[in-house]
Amino acid sequence: MLAIEECKAVNLTNLPSLTILTGDDTGQFEWMKSQFLHQIQYDVADLNVAYFDMKEAAYPDVEIDLVSLPFFSEEKIVILDHLLDITTAKKRYLTDEELKSFEQYLENPADTTKLVIFAEGKLDSKRRIVKLLKRDGKIFEASEPKEQELRTYFSKLAQDQGLEFSSQVFEELLVKSGFHFSEINKNIAFLKEYKKEGVITSEDIAEAIPKTLQDNIFDLTQMILHQKVDAARSLVRDLTLQGEDEIKLIAIMLGQFRTFAQVKILFENGRNESQIVAELSSYLGRKVNPFQIKYALRDVRSLPLEVLQKSLSCLIETDYQIKSGVYEKGYLFDLALLKIMTHNL
């Protein structure tokens, strides 16, 4: 179960004495944090709730609130936001003495204080203070979800909001969102605003969800592969008019063509789709999106590896020429696209 789902059970009535929200999946963490504050009815004007942004707060002020008695009720809530000192992040806001004092408080906390800690990132399990938090607190950790967890969560979320997807269109939404929690969440919100209820189609996704630069470069790459010269030129003109720089476009295209070449090499060496995903994930040190590999494999089956390699060399050389000021960058970029499309490399 995702942490954001598990966290839904917490409210003002059953709030634990010590609660820690953490995790290195930034998108899920931020949504979980926002949801949690809503569930405990957080109000900045509530005198029985003390909020401290640890990026700016002075620890002596925090400590006073931790041990002081509540004014208008039997219990008070103290919220420590951005407590990165308990994570593996290099950033620190507390001195060693202050951390030691905080540890002492955790060993003997005030009965009338309910402590909530928000610590984006990965908890540093080697630290004694983290061991205390794990021993005594309720931890909700927004770790990077598995693909099936994403599917289950957002399928239910869409259903709750009255949206219906065919399996193919739902896959399209996930791929367009890059399988990132925050992007899927945001794009479902776009779809809900665009179409209050009913069956979502591919056309709805195209109309409702704004295209990212990555989307546009993917389209440009498809135009190049299918030798659609006029369409490619038109898209490049639109992107440059929007303020996108040719060097940035080349950088993204290099990433796509590098993936094409890697997939082609592995495929020609007898690897199937799942093996390619596993080997590239191991090589790159991160989980590769399997759908990115699926579409790359579809696109490169009929392309000679030599063409992909020369296309990469062409883009690298064009990048160097632009940065060296050899010719006007628009001309150089246009020339590179023509070379790649016509295989005149």
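The exercises below concern the boundary between two domains of a predicted model.

**Exercise 1.** Determine into which domains the protein chain is divided, and how far apart the C-alpha centres of domain 2 and domain 3 lie.

*Solution.* Begin with the division of the chain: domain 1 covers 1-141, domain 2 covers 147-208, and domain 3 covers 213-342. Next, take the C-alpha centres of domain 2 and domain 3, which are 27 Å apart.

**Exercise 2.** Describe the contact between domain 2 and domain 3 by residues and by buried area.

*Solution.* First, count the residues: seven from domain 2 are in contact with five from domain 3. Second, consider the area: the two domains bury about 470 Å² between them. Of this area, 55% lies on carbon and sulfur atoms. Third, identify the main contributors on the side of domain 2: Glu147, Val175 and Lys176 supply 64% of the area that this domain buries against domain 3, more than any other three residues.

**Exercise 3.** State how many salt bridges and how many residue pairs in polar contact are found between domain 2 and domain 3.

*Solution.* Search for salt bridges across the interface, with a limit of 4 Å between a side-chain nitrogen of Lys or Arg and a carboxyl oxygen of Asp or Glu; the number found is zero. Then search for residue pairs in polar contact, both residues at pLDDT 80 or more; this count is also zero.

**Exercise 4.** Establish which helices supply at least two residues each to the side of domain 2 that touches domain 3, and which classes of residue occur there.

*Solution.* Two helices are to be named, H6 (147-160) and H7 (167-176). Helix H7 gives the most, with three residues. Sorted by class, this side of domain 2 has four charged, two nonpolar and one polar residue.

Note on methods. Residues are numbered from 1 along each chain as its sequence is written. This is a predicted model: local features need pLDDT of at least 70, side-chain atom pairs count only at pLDDT 80 or more; totals for chains, interfaces and linings use all residues. Side-chain values use heavy atoms; hydrogens and water are left out. Domain bounds come from an automatic or database domain assignment. Contact means heavy atoms within 4.5 Å. Buried area is the accessible area (1.4 Å probe) that two parts lose on being put together, summed over both. A polar contact is a pair of N or O atoms within 3.5 Å; within protein, one must be able to donate a hydrogen and the other to accept it, and residues adjacent in sequence count only if both atoms are side-chain atoms. Helices (H or I, at least four residues) and strands (E, at least two) are DSSP runs, numbered from the N terminus. Ala, Val, Leu, Ile, Met, Phe, Trp, Tyr, Cys and Pro count as nonpolar, Asp, Glu, Lys and Arg as charged, and the others, Gly among them, as polar.
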